[in-house]
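Here's a short set of exercises to work through with the model open in your viewer. Try each task yourself before reading its solution.

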Amino acid sequence: MSILEVRNLSKAFGGLQVTDDVSLTLNPGDRVALIGPNGAGKTTFVNLVTGHLKPNAGQVLIDGQDMTRASPTARVHAGLVRSFQVTRLFPDMTPEEHVALAILQRMGRAERIFADYRAMPDVMDEVFDILQLLQLSPLARTAVRDIAYGQQRLLEIALAMALRPRVLLLDEPAAGVPASDTVLIEKALDQLPPALAVLMIEHDMDFVFRFARRVVVLAAGRLIFDGTPAEVAADPQVREAYLGSYAE
Ligand SMILES: Nc1ncnc2c1ncn2[C@@H]1O[C@H](COP(=O)(O)OP(=O)(O)OP(=O)(O)O)[C@@H](O)[C@H]1O
């Protein structure tokens, strides 16, 4: 069964139709890139899926359950998690502390963060596993302010993983990361659990073609393509709307 099903989702801001009858299904293990020109409606679509915006029409089902009217928090509990933003990290806190806090929040024990989380073996084991998954273990106890931007972006994904997602939404995970560090992000994404479904907004087409096994294209709010990376590069409508020289 699909883990995320979006049915005929629409959203308008005033007279501007920003999401126009979009349907999309994600299955466990999917690696999907969501691409499209600036202003195509990618961020709006993700905000509708996470519940940060309310649609004018359509449905969002998580694991077969209609969550269209559910809060963002309820959707997180159902397994739909988006990565945090670097701007929401605390510069004085370490990756270990961030991940421990996210785990404790998930467990409903967040009041323990300033007490003794290091004395909780279950929490510490999980912190260790998540930092290792994102290849952040060597920086576990370094303040975020002293960590390279690419690794701060990995910490965003680590925090999302601490919430035990079944669907992970990533908003341009490599944006702002120097080209020399992009490979760190790619390697870490390669290590994500095989059953996790990942939907990634990304502008860097080299990254998209390396990561995605499926690409969906939004243009002017409409989903104009859903297929493999090889198919997307050959599609005349996508070439015209977006890809330009990447399709050559
Ligand atoms: N809260 C809002 N109120 C009014 N218009 C909005 C709002 N949010 C987005 N828009 C408009 O909706 C359109 C789609 O925006 P959106 O940010 O979803 O596109 P995007 O594909 O994510 O773009 P980018 O790639 O530049 O991030 C744009 O024209 C934008 O100006």
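**Exercise 1. Count the helices and strands, then check the overall dimensions of the chain.**

Solution. Start with the elements: this predicted model has 9 helices and 10 strands. Next, look at the extent: along the principal axes, the C-alpha atoms fill a box of roughly 55 × 40 × 35 Å. Now compare with the globule rule. For 248 residues, a compact globule would have a radius of gyration near 18 Å, and the chain has 18 Å, so the two agree.

**Exercise 2. Work out the strand order of the 4-stranded sheet and say which strands stand at its edges.**

Solution. Let's build the sheet pair by pair.

- Strand 1 (residues 4–13) and strand 2 (16–26) run antiparallel, joined by 7 bridges. To find the register, take Glu5, whose bridge partner in strand 2 is Thr25, and Lys11, which is partnered with Thr19.
- The connection is a hairpin with 2 residues between strand 1 and strand 2. Gly14, in the turn, has a positive phi of about 60°.
- Strand 1 is also joined to strand 4 by 5 bridges, again antiparallel. Here Val6 stands opposite Val60 of strand 4.
- Strand 4 (residues 57–62) goes on to strand 5 through 2 bridges, antiparallel once more. Ile62 stands opposite Gln65 in strand 5.

Put together, that gives an open sheet in the order 2-1-4-5 with antiparallel pairing. Strand 2 and strand 5 (65–66) each have a single partner strand, so one side of each is left without a neighbour in the sheet. As for packing, helix 1 lies on this sheet and touches strand 1, strand 2 and strand 4. The direction of helix 1 makes about 60° with that of strand 2.

**Exercise 3. Do the equivalent job for the sheet of 6 strands: find its order, edges and packing helix.**

Solution. The order reads 6-7-8-3-9-10 in an open sheet, and the pairing is mixed. At the edges sit strand 6 (80–82) and strand 10 (222–227), each of which pairs on one side only. On average, neighbouring strands are turned by 20° against each other, direction ignored.

Zoom in on one end of the order: strand 9 (residues 214–219) and strand 10 run antiparallel and are joined by 5 bridges. One pair to look up is Val215, with Gly227 as its bridge partner in strand 10.

Then add the helix. Helix 1 (residues 42–50) packs on this sheet too, touching strand 3 (31–35), strand 6, strand 7 (167–171), strand 8 (197–201) and strand 9. The direction of helix 1 makes about 150° with that of strand 7. So helix 1 touches strands of both sheets, by the contact cut-off of 7 Å between C-beta atoms placed from the backbone.

**Exercise 4. Describe the shell around the ligand: its residues, its main contributor and its make-up by class.**

Solution. List the residues before anything else: Phe13, Leu16, Val18, Gly36, Asn38, Gly39, Ala40, Gly41, Lys42, Thr43 and Thr44. Then map them to elements. Strand 2 and helix 1 each supply at least two residues, and helix 1 gives the most, with 3. Finally, sort by class: the shell divides into 4 nonpolar, 6 polar and 1 charged.

**Exercise 5. Split the chain into domains and characterise the side of domain 1 that touches domain 2.**

Solution. Begin with the bounds: domain 1 covers 1–79 + 165–247, while domain 2 covers 88–164. Their C-alpha centres lie 26 Å apart. Across the boundary, 14 residues of domain 1 are in contact with 13 residues of domain 2.

Which elements give two or more residues to the domain 1 side? They are strand 7 and helix 6 (179–190). Helix 6 provides the largest share, 5 residues. By class, this side has 10 nonpolar, 2 polar and 2 charged residues.

Note on methods. Residues are numbered from 1 along each chain as its sequence is written. This is a predicted model: local features need pLDDT of at least 70, side-chain atom pairs count only at pLDDT 80 or more; totals for chains, interfaces and linings use all residues. Two strands pair if DSSP finds at least two bridges between them. Axes are lines fitted to C-alpha atoms, for helices over the stretch in contact, and angles run from 0 to 180 degrees between N-to-C directions. Two residues are in contact if their C-beta atoms, placed from the backbone, lie within 7 Å. Domain bounds come from an automatic or database domain assignment. Ala, Val, Leu, Ile, Met, Phe, Trp, Tyr, Cys and Pro count as nonpolar, Asp, Glu, Lys and Arg as charged, and the others, Gly among them, as polar. A residue is near a molecule or strand if its C-beta atom, placed from the backbone, lies within 6 Å of it. The radius of gyration is taken over C-alpha atoms; the globule rule is 2.2 Å times the number of residues to the power 0.38.
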